[in-house]
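The following exercises ask the reader to reason from a sequence and a set of coordinates. Each task is followed by a worked solution.

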Amino acid sequence: MTTGKTSDIKVARRLRFERGTVVVMDRGYIDYEWFVQLTLQAVYFVTRVKDNASFEVVERRPVPPGTNVRRDEIIFFHSQAVPDREHFFRIVEVWDEAKQRSFTFLTNHLGFAATTISAIYKDRWQVELFFKAIKQNLKIKTFLGTNSNAVKTQIWTALIAMLVLRYLQLMSTFAWSLSNLAALLRHQLFVYRDLFGWLNTPFEGPPQLADAAKAQLTLGIAS
């Protein structure tokens, strides 16, 4: 746990990964010397290249025909001290037809196909969607406490709630969106009804409690 002023890369340098791990990150974590250390530890990474990155191409690899790969190159950054194999990285440029623009990725994995490198980074977006869903649906935009225990407790509570919501969404035959499920479920918390029955037919009214009146206590005034 750190303060909000602590930079992402400062925390990242303290992390330790198993050999063979593939770390996917955004451009806020770019640190070429750290990338060298990851390479020496047999840890792989995939990220985006900064627009102002200064590097030299040392090898142009063949681009597979019939794909959206524009280029696949081995490079060396000018800001580094020694141009040797441990300091060589890989640039992969891929054209995105839907967005009509190209994306350039940086990695130290020389074995994966260029399309695999692109797919790995694309999957990173699922993490962004996950945190977006937590913030929007579970009211975790602000913290109730600022110490480490309070923050962790609130986050773990939100994660458990998210897991339950996702389970209900998957079990239901109704085509729920996560946001609608979270919003409408709040209105059912004090309604006596079958949960899974409501999940599958949410627009039906609650069942009539025919025997509810019999179970109520009769209040009287003692004379």
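The exercises below concern this predicted model.

**Exercise 1. Overall architecture**

Task: State how many helices and strands the protein has, and give their pattern along the sequence.

Solution.
Step 1. The assignment yields 7 helices and 6 strands.
Step 2. Read along the sequence, these elements follow the pattern α-β-α-β-β-β-β-β-α-α-α-α-α.
Step 3. The protein has 223 residues, of which 31% count as buried.
Step 4. Among contacts between residues at least 6 apart in sequence, 39% join residues at least 24 apart.

**Exercise 2. The two sides of helix α3**

Task: Determine which residues of helix α3 are buried, and explain why they lie on the same side of the helix.

Solution.
Step 1. Helix α3 spans residues 114-123, and its buried residues are A114, I117, S118, I120 and Y121.
Step 2. These residues cover an arc of only 160° around the axis, and therefore they are on the same side of α3.
Step 3. A general principle is relevant here: an α-helix has 3.6 residues a turn, so residues three or four places apart point the same way.
Step 4. The exposed residues K122 and D123 are carried by the face of α3 turned away from its buried side.
Step 5. The cover over the buried residues of α3 includes the strands β1 (22-24), β2 (44-48), β4 (69-77), β5 (89-96) and β6 (101-107), together with helix α4 (125-137).

**Exercise 3. The buried side of helix α6**

Task: Identify the buried residues of helix α6 and the elements against which they pack.

Solution.
Step 1. In helix α6 (residues 178-186), the buried residues are L178, L181, A182 and L185.
Step 2. Their arc around the axis is only 95°, which places them on the same side of α6.
Step 3. The buried residues of α6 pack against α4, α5 and α7 (195-200).

**Exercise 4. The packing of α4 and α5**

Task: Characterise the geometry and the chemical class of the contact of α4 with α5.

Solution.
Step 1. The two helices pack at an angle of about 100°, and their axes are 10 Å apart.
Step 2. An angle from 65 to 115 degrees counts as roughly perpendicular, so α4 is roughly perpendicular to α5.
Step 3. On the α4 side, F130, A133 and I134 meet A158, L159 and M162 of α5.
Step 4. By class, this contact comprises 6 nonpolar, no polar and no charged residues.

**Exercise 5. Surroundings of individual residues**

Task: For E73, Q154, I9 and S79, decide whether each is buried or exposed.

Solution.
Step 1. E73 is placed in strand β4. Its relative accessibility is 7%, and since buried means under 20%, E73 counts as buried. The side chain of E73 makes a polar contact with the side chain of R71 at 3.1 Å. Not counting residues up to four places away in sequence, E73 touches V57, E59, R60, F89, R90 and I91.
Step 2. Q154 is found in helix α5 (residues 148-171). With a relative accessible area of 15%, Q154 is buried. Beyond four places in sequence, Q154 touches K139, I140, T142, F143 and L144.
Step 3. I9 lies in helix α1 (residues 8-12), and I9 is buried at a relative accessible area of 12%. Leaving aside neighbours within four places in sequence, I9 is in contact with G28, Y29, D31 and W34. The C-alpha atoms of I9 and W34 are separated by 9.0 Å, although the two residues are 25 residues apart along the chain.
Step 4. S79 lies in the loop between β4 and β5. Its relative accessible area is 58%; exposed means over 50%, and therefore S79 is exposed. S79 and S54 are 25 residues apart in sequence, with a C-alpha to C-alpha separation of 7.7 Å.

**Exercise 6. Positive phi outside glycine**

Task: Describe the phi, the location and the accessibility of A42 and Q100.

Solution.
Step 1. Most residues other than glycine have a negative phi.
Step 2. A42, a residue other than glycine, has a positive phi near 60°. A42 is found in the loop between α2 (32-40) and β2, and at 19% relative accessibility A42 counts as buried.
Step 3. Q100 is likewise not a glycine, and its phi is positive, at about 55°. Q100 is placed in the loop between β5 and β6; with a relative accessible area of 48%, Q100 is partly exposed.

Key:
Residues are numbered from 1 along each chain as its sequence is written. This is a predicted model: local features need pLDDT of at least 70, side-chain atom pairs count only at pLDDT 80 or more; totals for chains, interfaces and linings use all residues. Side-chain values use heavy atoms; hydrogens and water are left out. Buried means under 20% relative accessible area, exposed over 50%, partly exposed in between (1.4 Å probe, protein chains only). Helices (H or I, at least four residues) and strands (E, at least two) are DSSP runs, numbered from the N terminus. The arc is that of the directions from the helix axis to the C-beta atoms. Contact means heavy atoms within 4.5 Å. A polar contact is a pair of N or O atoms within 3.5 Å; within protein, one must be able to donate a hydrogen and the other to accept it, and residues adjacent in sequence count only if both atoms are side-chain atoms. Axes are lines fitted to C-alpha atoms, for helices over the stretch in contact, and angles run from 0 to 180 degrees between N-to-C directions. Angles under 35 degrees count as roughly parallel, over 145 as roughly antiparallel, 65 to 115 as roughly perpendicular and the rest as oblique. Ala, Val, Leu, Ile, Met, Phe, Trp, Tyr, Cys and Pro count as nonpolar, Asp, Glu, Lys and Arg as charged, and the others, Gly among them, as polar.
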